Amino acid sequence: MGKFDGYLICSDLDGTFYGGGDTIDVNSKAVKYFTENGGKFTFVTGRTASYLPEQPFFGIMNAPAGVFNGGMIYDYRNKKILRESRLEFKLGEFVDIVNCGRFEFAGVGIYNECFSPWQRGNRFDEYADLFSMKMLKIVCAFDTVEKADEFKCFATGNEFFKNTFISKSWAMGVEFNSTAGTKGHAVDFIKKHLGSHTSIGIGDFENDINLVEYADIGVATGNAVEAVKNAVDLIVKDCKNYAIKDLIEIIESRL
């Protein structure tokens, strides 16, 4: 029996696990110690399914991951999609709503496939009729925080998006997911998939709020926004000072 048996850490990536410098190396070493002693570790991130295998920290996961902000649960060990939660509208319908608000985007990501986005670009219009399948996630990037906030306010107040989870994972980006495909749903699914575990969700930004709320123990990094800090049970060091290493040390000290 390992000292960390029964513990599952579901970590956000950017601004949580990764904070620049040597944070990947230091946190990865701490996670390896955690998993070698019985713990389960994975990422629940807004990144795509193809992103994680390309990174140096990929090998430390020993549980399925939540990608696309929880829109997909992917088992890398068995190369299998365990769950998908897609948006209920077509891209053309989304374009019609967005055009009503006359918003200009710095960039757009339209995500459907497991390993790549459908299309990136500055406008939806020319693609509106090409994509009739439902999407896992849409990302709209802006050149200022104010424009991103204005767009989020517009979308949140629109009846068309009543079954859509709208969040920000960075200051100038607005993301759209199914209300059944959030980071919170991801940590809940992974916990149930693994069996009896105490789930620990750790994050730093707005799209991590329901991740920490759904987890048995919610954790914020020291650099997290106030809304995340107000929703958690524990605040650890900031991402530049090895938040994941700090969390694992705290867990061990309380065993």
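**View 1. Lys79 sits exposed in the loop between β4 and β5.** In this predicted model, Lys79 has a relative accessible area of 70%, and because exposed means over 50%, Lys79 counts as exposed. Its backbone is worth a look too: Lys79 has a positive phi of about 50° although it is not a glycine. The loop that holds Lys79 links β4 to β5, two strands that follow one another in the sheet order β3-β4-β5.

**View 2. Asn69 is a buried loop residue with a positive phi.** Here we move to the loop between β3 and β4, where Asn69 is found. Asn69 is not a glycine, yet its phi is positive, at about 65°. With a relative accessible area of 3%, Asn69 is buried, because the limit for that is under 20%. Ser167 is in contact with Asn69, which leads us on to View 4.

**View 3. Strands β3, β4 and β5 form an open antiparallel sheet.** The sheet has three strands, in the order β3-β4-β5. Its edges are β3, residues 65–67, and β5, residues 80–84, and each of these pairs on one side only. On average, neighbouring strands are turned by 30° against each other, direction ignored. Strands of a sheet pair through backbone hydrogen bonds, either parallel or antiparallel. Between β3 and β4 (residues 72–75) there are three bridges, and the two strands run antiparallel. To find your place in this pair, look for Gly66, which stands opposite Ile73 in β4.

**View 4. Ser167 is buried in strand β9.** Strand β9 covers residues 164–170, and Ser167 is part of it. Ser167 has a relative accessible area of 1%, so it counts as buried. Beyond its neighbours within four places in sequence, Ser167 is in contact with Asn69, Gly173, Val174, Glu175, Glu206 and Asn207.

**View 5. Helix α4 lies across β3, β4 and β5.** The helix runs at about 130° to β5. Helix α4 has 12 residues, 183–194, which should span 16 Å at 1.5 Å a residue; the end C-alpha atoms are 17 Å apart, so the two values agree. The buried residues of α4 are Lys183, Gly184, Ala186, Val187 and Ile190. Seen down the helix axis, these buried residues fall within an arc of 160°, so they line one face of α4. Just after the helix comes Gly195, with a positive phi of about 105°.

**View 6. Thr16 and Asp204 meet through their side chains.** Thr16 belongs to the loop between β1 (7–11) and α1 (23–36). The side chains of Thr16 and Asp204 make a polar contact of 3.2 Å. Thr16 is buried, with a relative accessible area of 0%. Not counting residues up to four places away in sequence, Thr16 touches several others, including Ser11, Ile202, Gly203, Thr221, Cys239, Ala243 and Ile244.

**View 7. Phe17 is buried in the loop between β1 and α1.** The relative accessible area of Phe17 is 0%. Leaving aside residues within four places in sequence, the contacts of Phe17 include Phe41, Phe43 and Phe57, and also Ile24, Val31, Ile60 and Ile244. Ser11, Asp12, Thr23, Asn27 and Ser28 are among its contacts as well. For a long-range landmark, try Lys240: Phe17 and Lys240 are 223 residues apart in sequence and 8.9 Å apart in space, C-alpha to C-alpha.

Notes:
Residues are numbered from 1 along each chain as its sequence is written. This is a predicted model: local features need pLDDT of at least 70, side-chain atom pairs count only at pLDDT 80 or more; totals for chains, interfaces and linings use all residues. Side-chain values use heavy atoms; hydrogens and water are left out. Helices (H or I, at least four residues) and strands (E, at least two) are DSSP runs, numbered from the N terminus. The expected span of a helix is 1.5 Å times one less than its number of residues. Buried means under 20% relative accessible area, exposed over 50%, partly exposed in between (1.4 Å probe, protein chains only). The arc is that of the directions from the helix axis to the C-beta atoms. Two strands pair if DSSP finds at least two bridges between them. Axes are lines fitted to C-alpha atoms, for helices over the stretch in contact, and angles run from 0 to 180 degrees between N-to-C directions. Contact means heavy atoms within 4.5 Å. A polar contact is a pair of N or O atoms within 3.5 Å; within protein, one must be able to donate a hydrogen and the other to accept it, and residues adjacent in sequence count only if both atoms are side-chain atoms.
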